[in-house]
Amino acid sequence: DTFRFSRRWLEEQGLARAQLSAIRVEGDSMEPLLNDGDEILVDCSPLPFRDGIHVVRLGETLMVKRVASVGAGRLALLSQNLAYPPVEVAADEVTIIGRVVWKGGRV
C-alpha cells in the first residue's frame with residue numbers, strides 16, 4: 001500500500017521523503033488522539049530531541065507515546081488514555097525512532 005503526499009506539502013512541513021515512514025497504530029493507549037487502526041506518518045530525520053508524540057523502542061517493544069524530558073537524563077513515556085500510567089526511563093534505555101507528524105484514520 002502507498003500513501004501519497006504532495007511534494008509541496010512535504011516541503012512546507014520541512015519533511016524529507018526519504019526520512020518518512022508510515023505505520024499503523026495498534027492498541028488504545030493513545031486514545032482519543034490516536035485510535036487503533038489509525039495510520040501515522042513518522043519523520044525519522046536525525047533531529048535534536050524535543051517533547052512530542054514519537055515512535056520509540058523500549059527493549060523489544062515498539063510504541064507510540066508522548067515523550068517528555070523530565071530532567072537528569074530521564075524521559076517520561078506518556079499515554080493519552082489515562083488508564084495507562086506514565087513510565088519514566090533513563091534516556092539511554094529508549095530509542096527514539098521518529099516524531100509523529102501526521103495521522104489519518106476513520107471518522
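## A buried acid without a partner

A salt bridge is a side-chain nitrogen of Lys or Arg within 4 Å of a carboxyl oxygen of Asp or Glu. Buried means under 20% relative accessible area. Both terms are needed for Asp43. This structure is a predicted model.

Asp43 belongs to strand 2, which covers residues 39–43. Asp43 is buried, yet has no salt bridge. Which side chain of opposite charge is nearest to Asp43? That side chain is Arg99, and it is 7.2 Å away. The cut-off for a salt bridge is 4 Å, so a pair at 7.2 Å does not count as one. Asp43 does have a polar contact with Ser45. The two side chains are joined at 2.6 Å.

## The largest pocket

Asp43, Ser45 and Arg99 also appear in the lining of the largest pocket. Along with Leu47 and His54, these residues lie nearest the pocket's centre. In total, 18 residues line the pocket. Two elements give two or more residues each: helix 1 (7–13) and strand 7 (94–104). Which of the elements gives the most to this lining? Strand 7 does, with 5 residues.

The volume of the largest pocket is about 360 Å³. Its lining has a mixed make-up. There are 10 nonpolar residues, 5 polar ones and 3 charged ones.

## Salt bridges

Side chains of opposite charge can pair when their charged atoms come close. How many salt bridges does a search of the whole structure find? The search finds 4. Three examples follow.

One of them is within helix 1. Glu12 pairs with Arg8, and their closest N and O atoms are 3.0 Å apart. Both residues lie in helix 1, with their positions 4 residues apart in the count, about one turn of the helix. Glu12 is partly exposed at a relative accessible area of 48%. Arg8 is exposed, at 58%. The cut-off for exposed is over 50%, so Arg8 passes it at 58%, while Glu12 at 48% does not.

## Bridges between strands

Another salt bridge joins Glu39 and Arg24, with the closest N and O atoms 2.9 Å apart. Glu39 is in strand 2 and Arg24 is in strand 1 (residues 20–24), so the pair ties together parts 15 residues apart in sequence. Are Glu39 and Arg24 buried or exposed? Glu39 is buried, with a relative accessible area of 15%. Arg24 counts as exposed, at 52% relative accessibility.

Arg74 and Glu88 form a further salt bridge. Their closest N and O atoms are 2.9 Å apart. This pair links distant parts of the chain. Arg74 is in strand 5 (residues 74–78) and Glu88 in strand 6 (residues 87–90), 14 residues apart. Arg74 is partly exposed, with a relative accessible area of 29%. Glu88 also counts as partly exposed, at 46%.

## Backbone exceptions

Most residues other than glycine have a negative phi, and most peptide bonds are trans. Two places in this model depart from that pattern. Where is the cis peptide bond? It joins Glu31 and Pro32, and omega is about 10°. Pro32 sits in the loop between strand 1 and strand 2.

Ala72 has a positive phi, near 50°, although it is not glycine. Its place is the loop between strand 4 and strand 5. Ala72 counts as exposed, at 83% relative accessibility.

## Far in sequence, closer in space

Ala68 lies in strand 4, which spans residues 61–71. The relative accessible area of Ala68 is 16%, so the residue falls under the 20% limit and is buried. Ala68 and Arg50 are 18 residues apart along the chain. Their C-alpha atoms are separated by 7.7 Å.

Gln13 is in helix 1. It counts as partly exposed, at 42% relative accessibility. How many residues apart in sequence are Gln13 and Val101? They are 88 residues apart. In space, the distance from C-alpha to C-alpha is 8.8 Å.

How values were computed:
Residues are numbered from 1 along each chain as its sequence is written. This is a predicted model: local features need pLDDT of at least 70, side-chain atom pairs count only at pLDDT 80 or more; totals for chains, interfaces and linings use all residues. Side-chain values use heavy atoms; hydrogens and water are left out. On a 1 Å grid over the protein atoms alone, a cavity is a set of points where a 1.4 Å probe fits but cannot get out, and a pocket is an open set with protein on both sides within 12 Å along at least five of seven lines; lining residues have an atom within 4 Å of a point. Grid points are joined across faces, edges and corners, and a volume is the space filled by probe spheres set on the points. Ala, Val, Leu, Ile, Met, Phe, Trp, Tyr, Cys and Pro count as nonpolar, Asp, Glu, Lys and Arg as charged, and the others, Gly among them, as polar. Buried means under 20% relative accessible area, exposed over 50%, partly exposed in between (1.4 Å probe, protein chains only). Lys and Arg count as positive and Asp and Glu as negative; His and the chain ends are not counted. A polar contact is a pair of N or O atoms within 3.5 Å; within protein, one must be able to donate a hydrogen and the other to accept it, and residues adjacent in sequence count only if both atoms are side-chain atoms.
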